Amino acid sequence: MQHFHRPQRSDGAPHGNLPLELNAFVGRSAELAQLAEELDRARLVTVTGMGGVGKSRLAARAAAGTRWPDGAWRVELAAVRDPGLVAYALVEALGLTDQTSRPPRQVLLDHLAERQLLLVVDGFEHLVDACATLMSELLRCTPGLRVLAVGRRPLAVEGERLFPLAPLSESEAADLFEDRAAARSPGFALDDGNRSDVRELCRRLEGIPLAVELAAGRLSALSPAQLLSRFEDRFRLLTGGGRDALPRHQTLRTAIGWSHELCTPEERLLWSRLSVFAGQFDLEAAEYVCSGDGLHADDVLDLLDELLAQSVLSREETVAGPRYRMLDTVRAYGGDWLEAVDDTGRLRRRHRDWYLGLATWCELDWFSPRQGEVAGRIETELPNLRRALEYCLTEPGEAHLGQYLAGTLWFHWVGCGRLSEGRHWLERAVDLDGDGDQPRLKALWVLGYVAILQGDTVPALTALQECREEAERTGNAIAFAYAEHRTGCLALVTDDMAGAENLLRSALSRYHEIGELNSNVLMGQVELAMALAFQGDLPGAVRLCEDVRQVCEDHGERWALTYALYVLAYEALADGNAARTRDLLQECLGIAHTFHDLLGAVLSIELLALVTAVQGDPAEAALLQGAAARMWPSVGLPLFGSAYYNAPHERCEAMARERLGDERYEECVRAGARLGQEAAVARALGRAGARPLGAVPSPRRLPPDTQKPAVSPTSKGGETTG
């Protein structure tokens with residue numbers, strides 16, 4: 001039952017029929033302002049969005065805020081099934097009585113010809129052709145008419161401006177929940193005991209107003225925490241809309257089902273198949289995964305456009321090009337249909353195959369000028385890669401593919417700041433028995449690498465030893481070389497420099513023999529250079545890193561270059577060239593930050609702190625040390641627990657304390673620790689060699705204790721420079 005408001009004009013004629021609001025309008029202030037601006041600049045504005053997102057309520061509120069000489073009028077077309085009755089519905093909504101033989105179109109044209117009014121046309125999506133034709137004619141012939149259309153797809157007529165409506169923000173959704181819950185359960189309010197549950201519930205409901213209101217209606221029987229625990233079957237849980245609500249808005253399932261009914265069989269088929277994606281996906285992925293068995297790949301683009309037009313999908317522009325997204329609620333509905341036709345397994349396998357191929361391509365392209373593009377692509381595709389990993393690691397007979405995928409993504413785990421997640425997948429993968437040796441061996445050495453970076457030496461050594469032994473038993477030269485290489489990394493960060501040098505030289509020789517050249521091989525050279533530098537062979541370290549630098553330039557590699565620059569900066573500082581050191585470190589930091597490589601970033605900031613102290617600004621040096629100290633817990637064991645890596649840090653601290661005093665030094669460190677990562681990096685990069693007045697001149701060479709361990713080498717492990 002609708003409650004309409006019919007204000008009277010001074011001549012007694014009705015001035016509109018907008019529905020009265022029976023409860024509070026919550027949020028949407030920005031959308032209301034934007035919609036008002038659109039109505040000022042266009043004669044036809046269409047609010048589009050998925051079912052239950054709040055289109056009708058927003059349009060009614062926006063219309064009520066306008067002032068038209070002849071009012072604002074609303075026509076609801078949801079109950080109209082015959083396209084031939086659209087004009088009659090408008091005549092009825094406008095309160096016109098005509099008993100002549102004139103067709104309703106003419107009645108409308110005659111009535112609107114001299115009037116200035118706003119017409120709100122709601123729920124037209126199942127009658128889109130008839131509505132589009134009628135609206136186009138009315139707008140063309142009646143200059144005083146403005147139309148605010150509300151539907152799940154555009155009218156697609158000339159002059160139409162689209163206003164896509166997104167779900168509520170998390171905070172607005174929580175406010176809506178509180179308001180509707182208080183109406184059902186007097187006394188309910190958000191407090192410390194329920195706020196986190198309510199916000200999590202609203203997050204899972206994706207801010208869809210209908211879903212939030214239906215959930216609030218359950219509070220008479222369930223607490224927010226109980227609602228969360230029963231959330232898996234959202235369609236069964238979220239029922240019970242008000243009796244005066246439109247039938248399609250009385251349950252979440254019917255709200256989504258109404259959109260489903262409006263789709264063609266081919267559109268429904270694609271909708272169900274798209275449910276296997278997580279997060280965003282692109283056209284190429286949809287064409288591969290969803291085609292076949294009744295759906296040709298060439299038809300997918302047109303069907304995607306239709307689903308986009310009907311608000312089943314949304315489109316997002318990204319640096320990687322246009323991508324599509326489906327709300328979880330819409331995806332779950334499609335997933336139910338996919339299960340009903342018993343096609344989920346086949347689609348999950350096609351989804352897995354696509355993302356296995358993507359990961360393989362990205363690993364190869366990591367060692368190329370497209371490295372930055374690869375990093376961004378994998379970050380974007382991570383939800384789908386996780387879904388593929390989960391499938392491989394839980395489905396019988398798929399373990400070897402899960403091991404392959406987890407190992408192939410080493411560059412993302414290590415190079416893009418995903419150590420913890422990488423270890424999660426790798427440990428799950430190696431615990432399973434696969435059908436082949438190669439995938440598991442790769443997962444083992446990658447697991448060892450990641451564990452080293454986290455400072456977890458015992459699991460690292462266990463994984464690497466198992467990999468070496470199994471590789472030797474099966475004659476797998478590639479896996480043996482990688483396991484030996486990473487064992488050399490472990491020796492490096494546990495201060496066994498002689499052992500590190502021997503292992504790394506041997507691994508590099510094996511790489512050369514088998515023709516291996518990639519970012520890992522370059523990192524082996526950098527790590528060998530670091531071992532040489534720590535042993536006092538700075539010229540040898542420079543030769544290795546200059547070679548790495550040249551190869552990086554030839555291949556467009558940037559990530560391994562970061563660590564070569566770090567070693568070159570270490571040598572330049574030892575040689576007393578603080579200005580060159582700063583330039584090298586700032587380039588190093590800039591690249592590392594671009595890749596979200598926290599290890600490269602924090603190592604750079606640590607050494608920049610010493611450069612800053614040497615150049616006469618102990619307060620800034622202490623601040624940078626504080627900033628680095630805040631970053632280390634997100635990386636692993638600070639400075640790997642290594643006396644060699646820690647020597648510059650200790651030297652910087654000693655210089656700063658001597659010049660500032662303990663109290664002032666600690667104050668500066670605390671100030672640095674308050675900086676977030678972005679602010680810390682900006683601070684380190686923004687100095688650009690500036691010197692404060694009264695700076696103490698830097699010595700020509702650093703004191704001897706900067707070039708060797710400050711204390712006896714320890715056996716603690718940590719992270720490699722790779």
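**Salt bridges, a helix crossing and some loop residues**

Let me start with arginine 195, which is partly exposed, its relative accessible area being 33%. What we are looking at is a predicted model, and I will ask you to keep that in mind throughout. Arginine 195 forms a salt bridge with aspartate 192, and the closest N and O atoms of this pair are 3.2 Å apart. The partner, aspartate 192, is exposed, because its relative accessible area is 76% and the cut-off for exposed is over 50%. Elsewhere, salt bridges with shared partners join Asp282, Arg323, Arg377 and Glu381 into one network.

How many salt bridges does the count come to? By the rule used here, the count comes to 41 salt bridges, and I will take you through a couple of further examples. In one of them, the side chains of arginine 102 and aspartate 110 meet with an N to O distance of 2.4 Å. Arginine 102 is partly exposed at a relative accessible area of 34%, and aspartate 110, at 38% relative accessibility, likewise counts as partly exposed.

The other example lies within a helix. Glutamate 38 and arginine 41 both belong to helix H1, residues 29-41, where they sit 3 residues apart, which is about one turn of the helix, and their side chains meet in a salt bridge at 3.1 Å, N to O. Is each partner of this pair buried or exposed? Glutamate 38 has a relative accessible area of 13%, so it is buried, whereas arginine 41, with a relative accessible area of 51%, is exposed.

Let me turn to helix packing. Two packed helices are described by the angle between their axes and by the distance between those axes. Helix H12, residues 265-274, packs with helix H14, residues 300-309, at an angle of about 90 degrees, and their axes are 10 Å apart. H12 is therefore roughly perpendicular to H14, since angles of 65 to 115 degrees count as such. Sorted by class, the contact of H12 with H14 has 7 nonpolar residues, no polar residues and 3 charged residues. On the H12 side we find Glu266, Glu267, Leu270, Trp271 and Leu274, and these meet Val300, Leu303, Leu304, Glu306 and Leu307 in H14.

Now for backbone geometry. Which residues other than glycine have a positive phi value? One of them is aspartate 342, with phi near 55 degrees, and this aspartate 342 is found in the loop between helix H15 (328-340) and helix H16 (344-366). Another is leucine 639, with phi near 50 degrees, and leucine 639 lies in the loop between helix H30 (618-631) and helix H31 (643-660). As for their surroundings, aspartate 342 is exposed, with a relative accessible area of 69%, while leucine 639 counts as buried because its relative accessibility is 5%, and the cut-off for buried is under 20%.

My last stop is alanine 572, which lies in helix H27, residues 559-574, and which counts as buried at 3% relative accessibility. What does alanine 572 touch, if we do not count residues up to four places away in sequence? The residues that alanine 572 touches are Asn577, Arg580, Thr581 and Leu584. As for the backbone, the C-alpha atoms of alanine 572 and arginine 582 are separated by 9.2 Å, these residues being 10 residues apart along the chain.

Technical notes
Residues numbered from 1 in each chain as written. Predicted model: local features only at pLDDT ≥ 70, side-chain atom pairs only at ≥ 80, totals over all residues. Heavy atoms only, no water. Helix = DSSP H or I, 4+ residues; strand = E, 2+ residues; numbered from the N terminus. Buried < 20%, exposed > 50% of the residue type's maximum accessible area, 1.4 Å probe, protein only. Contact = heavy atoms within 4.5 Å. Axes fitted to C-alpha atoms, helices over the stretch in contact; angles between N-to-C directions. Parallel < 35°, antiparallel > 145°, perpendicular 65-115°, else oblique. Nonpolar A, V, L, I, M, F, W, Y, C, P; charged D, E, K, R; others polar. Salt bridge = Lys/Arg side-chain N within 4 Å of Asp/Glu carboxyl O.
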